[in-house]
Amino acid sequence: MKVTADRSRCMAAGHCAISAPDVFDHGEDGLVVVLDAEPGEERRREVEVAEDLCPSRAIAILRTAAVAASSDAAAPETAPAD
Ligand code: SF4
C-alpha cells in the first residue's frame, strides 16, 4: 500500500500520528509528515483509521489493486502473436 498526506489540506489536528505513529508524525509547523510512504500490510488497519479520522481528508491510501487496474486500463492493446 502507498500512503500520501496533503500538507496543504492538513489542519494539524493530530489524529493521524496518534492512530498510526509509525506512519505519520508532525513537522515543526504542526502539519503532517509521512514517515513511511509504503507501510506494510500489517499497518493497514491503523492507516485506514487515520484516513477515516482525518478531518481535512488530507490522507489517501493508494490501494495496490486500484493502481494496477488503472495501469492495465491505460495500457495500449496489443495484437495477438501470430
Ligand atoms: S489527521 Fe489530517 S488534519 Fe490532522 S494532522 Fe493528520 S493529516 Fe493533518
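Glu46 is found in helix H2, and this residue makes a convenient way into the predicted model. With 18 C-beta neighbours inside 10 Å, Glu46 counts as partly exposed, because a residue is called buried at 20 or more such neighbours and exposed at 12 or fewer. Leaving aside residues up to four places away in sequence, Glu46 touches Ser19 and Ala20. The C-alpha atoms of Glu46 and Ser19 are separated by 5.8 Å, although the two residues stand 27 residues apart along the chain.

Ala50 is also in contact with Ser19 and Ala20. The remaining contacts of Ala50, again without residues up to four places away in sequence, are His15, Cys16, Phe24 and Ile59. Three of these names return in the largest nonpolar core, which has 13 residues: Cys16, Phe24 and Ile59, together with Ala50, are the members with the most contacts inside that core. The elements that give two or more residues to the core are strand S1, residues 2-5, and helix H2, residues 44-53.

A wider view helps to place these pieces. The chain holds 3 helices and 4 strands, and from the N terminus on its elements run β-α-β-β-α-β-α. Of its 82 residues, 18% count as buried. Among contacts in the chain with a separation of 6 or more, 57% are between residues 24 or more positions apart.

Strand S1 is joined to strand S4 (residues 59-62) by 4 bridges, and the two run antiparallel. Within this pairing, the bridge partner of Val3 in S4 is Ile61. In a regular strand the side chains alternate between the two faces of the sheet. Strand S1 has Val3 and Ala5 on a covered face, while Lys2 and Thr4 make up an uncovered one.

Thr4, which lies in strand S1, deserves a second look. Thr4 counts as exposed because it has 11 other C-beta atoms within 10 Å, and the limit for that class is 12 or fewer. Not counting residues up to four places away in sequence, Thr4 touches Ala60 and Leu62. Thr4 and Val34 are 30 residues apart in sequence, and their C-alpha atoms are 7.2 Å apart in space.

Two residues attract attention through their backbone angles. Ala12 has a phi near 60°, a positive value in a residue other than glycine, and lies in the loop between S1 and helix H1 (15-19). Ala12 is partly exposed, with 13 other C-beta atoms within 10 Å. Arg57 has a positive phi of about 55° although it is not a glycine, and is found in the loop between H2 and S4. Arg57 counts as exposed, since it has 10 C-beta neighbours inside 10 Å.

Finally, the ligand is surrounded by 14 residues, the closest being Cys10, Ala13, Cys16, Val32 and Cys54. The shell around the ligand divides into 11 nonpolar and 3 polar residues, with no charged ones. Cys16 thus offers a link back to the interior: it is one of the closest residues to the ligand, and it is also among the residues with the most contacts inside the largest nonpolar core.

Definitions and conventions: Residues numbered from 1 in each chain as written. Predicted model: local features only at pLDDT ≥ 70, side-chain atom pairs only at ≥ 80, totals over all residues. Near = placed C-beta within 6 Å. Nonpolar A, V, L, I, M, F, W, Y, C, P; charged D, E, K, R; others polar. Core = buried A, V, L, I, M, F, W, Y, C linked by C-beta atoms within 7 Å. Contact = placed C-beta atoms within 7 Å. Pairing = 2+ DSSP bridges.
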